[in-house]
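Work through the exercises below with the sequence and the 3D view open. Try each task before reading its solution.

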Amino acid sequence: MARDLKYTRNIGIMAHIDAGKTTTSERILYYTGKTHKIGEVHDGAATMDWMVEEQERGITITSAATTAFWSYNGESYQINLIDTPGHVDFTVEVERSLRVLDGTVATFCAVGRVQPQSETVWRQADKYKVPKIAYVNKMDRVGADFFGVVDDLKNKLGARAVPICIPIGSEDRFEGIIDLLQMKALIYSTENKELVNYEIKDIPDALIDEAKQWRNNLIEIASECDDALMEKFFDNPDSISNDEIIAAIRKATINMEIVPICCGSSFKNKGVQFLLDAVIRYLPSPLDKGNVVGLNPKNETEIERKPSATEPFCGLIFKIATDPFVGRLAYMRAYSGKLESGSYVLNTRTEKKERVARLYQMHSNKQNPIDFVEAGDICAVVGFKDLRTGDTVCAENAPIVLESMVFPTPVIGLAVEPKTQGDLDKLGVALSKLAEEDPTFTVKSDTDTGQTVISGMGELHLDILVTRLKREFGVDINQGAPQVNYKEALRSVVSHREVFKKQTGGRGKFADIIFEIGPADEGAKGLQFVDEVKGGNIPREFIPAVEKGFKAAMANGVLAGYEVTSMKVTLKDGSFHPVDSDQLSFEICARQAFRKAAVKANPVLMEPIMALEVETPEDYMGDVIGDLNKRRGQITNMDSRGGVRIIKAKVPLSEQFGYVTVLRTLSSGRATSTMEFSHYEELPQNLAKEIIDKSGNRFVDDED
């Protein structure tokens, strides 16, 4: 008999770095009975931080999945939980987790409030339409301000934030919370590590008026979201039952109209059980999320699948991981149907059948074998040969393509080479496995220097990848200094004619194309190819070869060999030879044409610009701003919060290497910074000239 999906919650925990996501996950595992000992991040013993690099650094690098059960109102609920990283270098882990989750717990530090990465993950959740509840953690820390976070959520994130509990005290006087539904105080015992470590008491007299005020606020907002309640609210607010309030808040949360907020201190074991109850009450089950929509690959029409075990199977691969014991693990969210171990599925990208060798329910890095999965489950699959992140797998007789994922492009590179000849083959295998796991990690061979260049999202990202190469794959490497991934762009439109002729003994090569080349239309990415050839001057079968040639040529720009991210080519006319012309001739012709025409189209170098946020005591503000000005930084905003000044700026990545060390020196170790990629911008000419001269890349008229 199929499991009732209303008792399933697929949730993630997302937040800025150091807001306490993993500590909260550890408490959830403990209170749901999944673990019998609480693992602490600072001791390197957290269950969800299983990688050695995570334990050493005390940060989450890779998202970890687990399944736990929580009892609410006498019913057992299955919670599939994903703990995600907070550091911006690993934003891909958050992105792909949110793509397959039904709801998320957005965790905020009660002191730091809404921080830069909080905004990023919030936007990611909005992009995938994932309902949220907010959890204000670290209420025991000096400077904790629950209502400050509520205001930040409204002002910075534009959220309709609705407290469902309020704190009793804060900092070292934080004792517990007031449940605004039951109008009772939950007083927690710090020493007691039992599964029920709190007592339900009457609300302290000093807080009764405040609690009533916030309860009225809760009822008012719930009533605004439900017409039937609105009438009751105007007639007699006291006649509204708690069940009606819960139903109205649940509906509004799932529709992303409001965000319920609760608070606690995960490290001190306060407020976690209330958070779990809130997850069950307000976050959606797969049934609430409704049918999943995809495309029929045969005719590109929209089709739907219900979240039911009786429908044809379909699932989305959201992560690939390499396990030393079982090999390649593909993490999958099942949206409809049932999949049994040993059966076959269709990969709609490759249009090939793949065998499901084994199915596992994951608990961090441990696998528990299972016989089958059904709609609503998150599991790991072993046995797939050719699979990538974002692939749809489905029943062979009912193909469907689900919306995939778009990942940010890497902004920083590093040249690596093996120390010994014996490490050469091992390096190739290791890099391909890491690139398969992480879509924001790319590997490229530099044709001029023969070096292998690995690229990622930041210095920390590359540092961890190099550590993994040595530790997991046993590859000893030499590495160069980090380098910026510049891009090239065209600024003008030019017309060009290219004739490619090659006559050797026997059949020759011939292609002739007339085209316009220039910048792509606003918002367009990659190659925008327009075919305006009339009268069959170029046979139809050769035109895709022209497009292929231009696309391939974009990998190496004409200034310094960097990738051209977007351009527009309009093919106007041309000619062919009935014997000597073929697809390869037109492809080579297009490549050569790009190299000659792009030089005339006013090519420029583009550099990555980072969004930087610095928190510094007032005394060091002048020094920090002076240093940013030296780095070509543009200050975009200055603010103050709790005696600390917050500086926001846009700074070129090339000026930011080693910035953390400089900032520590400037501020005697008291300032902190976070940085994430913002956009690409044209590099000033004097600096562009230096890079072009250094690269030694010169336009040459070769013939492939």
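Two strands pair if DSSP finds at least two bridges between them. The model used here is a predicted one.

**Exercise 1. The chain as a whole**

Task: State how many helices and strands the protein chain has, and what percentage of its residues count as buried.

Solution.
- Step 1. The secondary structure consists of 17 helices and 38 strands.
- Step 2. The chain has 704 residues, and 54% of them count as buried.
- Step 3. The accessible surface of the chain is about 30800 Å², and carbon and sulfur atoms hold 48% of that surface.
- Step 4. Consider the contacts in the chain with a separation of 6 or more: 72% of them are between residues 24 or more positions apart.

**Exercise 2. Strand 11 and its partners**

Task: Find which strands pair with strand 11, and in which sense, parallel or antiparallel. Then decide whether the residues of strand 11 are buried or exposed.

Solution.
- Step 1. Strand 5 (residues 132-137) runs parallel to strand 11, and three bridges join the two. Within this pair, Y135 stands opposite C262.
- Step 2. Strand 6 (residues 161-163) also pairs with strand 11 in the parallel sense, over three bridges. Here A161 is opposite V259.
- Step 3. In a regular strand, side chains alternate between the two faces of the sheet. The faces of strand 11 can therefore be checked separately, with buried meaning under 20% relative accessible area.
- Step 4. On one side are V259, I261 and C263, on the other P260 and C262, and all are buried.
- Step 5. The count for strand 11 (residues 259-263) is thus five buried residues of five, and the strand is mostly covered.

**Exercise 3. Before and after strand 11**

Task: Where do M256 and N269 lie, and what is the sign of phi in each?

Solution.
- Step 1. M256 belongs to the loop between helix 8 (242-254) and strand 11. Its phi is near 60°, a positive value in a residue other than glycine.
- Step 2. M256 counts as partly exposed because its relative accessibility is 30%.
- Step 3. N269 is found in the loop between strand 11 and helix 9. Phi is positive here too, at about 60°, although N269 is not a glycine.
- Step 4. N269 is buried, because its relative accessible area is 1%.
- Step 5. Helix 9 (residues 272-282) is mostly covered, with eleven of its eleven residues buried. Among them are F274, D277 and R281.

**Exercise 4. Strand 15 and the largest cavity**

Task: Which strands pair with strand 15, and which strands each supply at least two residues of the lining of the largest cavity?

Solution.
- Step 1. Strand 14 (residues 314-323) is joined to strand 15 by nine bridges, and the two run antiparallel. C314 stands opposite S336 in this pair.
- Step 2. Strand 22 pairs with strand 15 over five bridges, in the antiparallel sense. M332 faces C379 of strand 22 as its opposite residue.
- Step 3. Strand 15 (residues 327-336) has eight of its ten residues buried, so it is largely enclosed by the rest of the structure.
- Step 4. C379 also lines the largest cavity, together with A65, T66, T67, N80, L81, I82, M362 and I378.
- Step 5. Strand 2 (64-72), strand 3 (75-83) and strand 22 (378-382) each supply at least two residues of that lining.
- Step 6. The lining residues are six nonpolar, three polar and no charged. The space in the largest cavity is about 50 Å³.

**Exercise 5. A sheet of three strands**

Task: Give the strand order of the open sheet that contains strand 12, and name its edge strands.

Solution.
- Step 1. The order is 13-12-24, with antiparallel pairing.
- Step 2. Strand 13 (302-305) and strand 24 (401-402) are the edge strands, since each pairs on one side only.
- Step 3. Strand 12 (residues 292-295) and strand 24 are joined by two bridges. G294 has L402 as its bridge partner in strand 24.

**Exercise 6. One residue in detail**

Task: Is V624 buried or exposed, and which residues does V624 touch?

Solution.
- Step 1. V624 is in helix 15 (residues 621-630).
- Step 2. Its relative accessible area is 0%, so V624 is buried.
- Step 3. Leaving out residues up to four places away in sequence, V624 touches V614, T616, I647, Y659, L663 and L666.
- Step 4. V662 is 38 residues from V624 in sequence, and their C-alpha atoms are 9.5 Å apart.

Note on methods
Residues numbered from 1 in each chain as written. Predicted model: local features only at pLDDT ≥ 70, side-chain atom pairs only at ≥ 80, totals over all residues. Heavy atoms only, no water. Buried < 20%, exposed > 50% of the residue type's maximum accessible area, 1.4 Å probe, protein only. Helix = DSSP H or I, 4+ residues; strand = E, 2+ residues; numbered from the N terminus. Contact = heavy atoms within 4.5 Å. Areas by Shrake-Rupley, 256 points an atom, 1.4 Å probe, with all protein chains shown as cover. 1 Å grid on protein atoms, 1.4 Å probe; cavity = no way out; pocket = protein on both sides within 12 Å on 5 of 7 lines; lining within 4 Å. Points joined across faces, edges and corners; volume = space filled by probe spheres on them. Nonpolar A, V, L, I, M, F, W, Y, C, P; charged D, E, K, R; others polar.
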